[in-house]
Amino acid sequence: MKCCEGLILLTSLPEDAAATAILDHTKFLHEITTWLNTAYNHLPRSIDPAVVDGVEARWGIDHIKMSEAAFPGQRHIVNFLSLFDYCNILIKEAHSKISKALVLAIRKQFLEPAMKPDLLKEYVIP
């Protein structure tokens, strides 16, 4: 968690040079999108939407312990949703250059290649 807080602090530095350095000389965007893809790939592939409806997930708050999971895969769902919340916070707090680049990277490296195909599939609900 401290690492994530540190990233928020670093990316929110107001100097353009700091934002440029982060974007041009680190793997920041790649690491965030890889983290999202990894979390997404760990989600259960079939689950009743009704059980997910009650899941509460916010970054920085661990709501359930592994032994308290109400259904199989709950930990993975909470982790993914918490990470998505973290990305939202990061986008809000970061320098505008970083925010714009991060939004584009999430779209191009995560939403379009990973989620879009799954969202466009036709599912038969029993």
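**An aromatic cluster in a helical protein**

The charged end of Arg45 sits over the ring of Tyr40, 4.9 Å from the ring centre. This placement comes from a predicted model, and it makes a convenient way into the structure, since Tyr40 also belongs to a cluster that ring pairs build together with Phe80, Phe84 and Phe110.

Before following that cluster, it helps to look at the overall fold. The protein contains six helices and zero strands, so that the pattern read along the sequence is simply α-α-α-α-α-α. Of its 126 residues, 32% are buried. The accessible surface amounts to about 8,400 Å², and carbon and sulfur atoms account for 60% of that area. Among contacts between residues at least 6 apart in sequence, 75% bring together residues at least 24 apart.

Helix 5 offers a good view of how these elements meet. This helix spans residues 74-93, 20 residues in total. From the first C-alpha to the last, helix 5 reaches 28 Å, close to the 28 Å expected at 1.5 Å a residue. Its buried residues are Gln74, Arg75, Ile77, Val78, Phe80, Ser82, Leu83, Tyr86, Cys87 and Leu90. The partners against which the buried residues of helix 5 pack are helix 1 (2-11), helix 3 (28-41), helix 4 (49-53) and helix 6 (96-120).

Back to the rings: the structure holds six aromatic pairs. In one of them, Phe80 and Phe84 have ring centres 5.5 Å apart and planes at 45°, and the pair is therefore tilted. Both residues lie in helix 5, four residues apart, which is about one turn of the helix. An α-helix has 3.6 residues a turn, so residues three or four places apart point the same way. The two rings nevertheless have their own surroundings: Phe80 is buried, with 7% relative accessibility, while Phe84 is partly exposed, with a relative accessible area of 35%.

Phe80 also pairs with Phe110, again in a tilted arrangement, at 6.1 Å centre to centre and with 50° between the planes. Because Phe80 lies in helix 5 and Phe110 in helix 6, this pair ties together parts that are 30 residues apart in sequence. Phe110 is buried, at 0% relative accessibility.

The cysteines complete the picture. Where does the structure stand on disulfides, and how many does it hold? The count is zero. For Cys3, the closest cysteine sulfur is that of Cys4, 5.5 Å away, which is too far for a bond, given that a disulfide needs sulfur atoms within 2.5 Å. Cys87, one of the buried residues of helix 5, has its closest cysteine sulfur in Cys4 as well, at 9.1 Å, and this too is too far for a bond. In terms of exposure, Cys3 counts as exposed at 59% relative accessibility, whereas Cys87 counts as buried at 3%.

Conventions
Residues are numbered from 1 along each chain as its sequence is written. This is a predicted model: local features need pLDDT of at least 70, side-chain atom pairs count only at pLDDT 80 or more; totals for chains, interfaces and linings use all residues. Side-chain values use heavy atoms; hydrogens and water are left out. Buried means under 20% relative accessible area, exposed over 50%, partly exposed in between (1.4 Å probe, protein chains only). Helices (H or I, at least four residues) and strands (E, at least two) are DSSP runs, numbered from the N terminus. Contact means heavy atoms within 4.5 Å. Accessible areas come from the Shrake-Rupley method with a 1.4 Å probe; for residues, only the protein chains shown count as cover. The expected span of a helix is 1.5 Å times one less than its number of residues. Rings of Phe, Tyr and Trp (its six-membered ring) pair if their centres lie within 6.5 Å; planes under 30 degrees apart count as stacked, over 60 as edge-to-face and the rest as tilted. A charge sits over a ring if NZ of Lys or CZ of Arg is within 6 Å of the ring centre and within 35 degrees of the ring normal.
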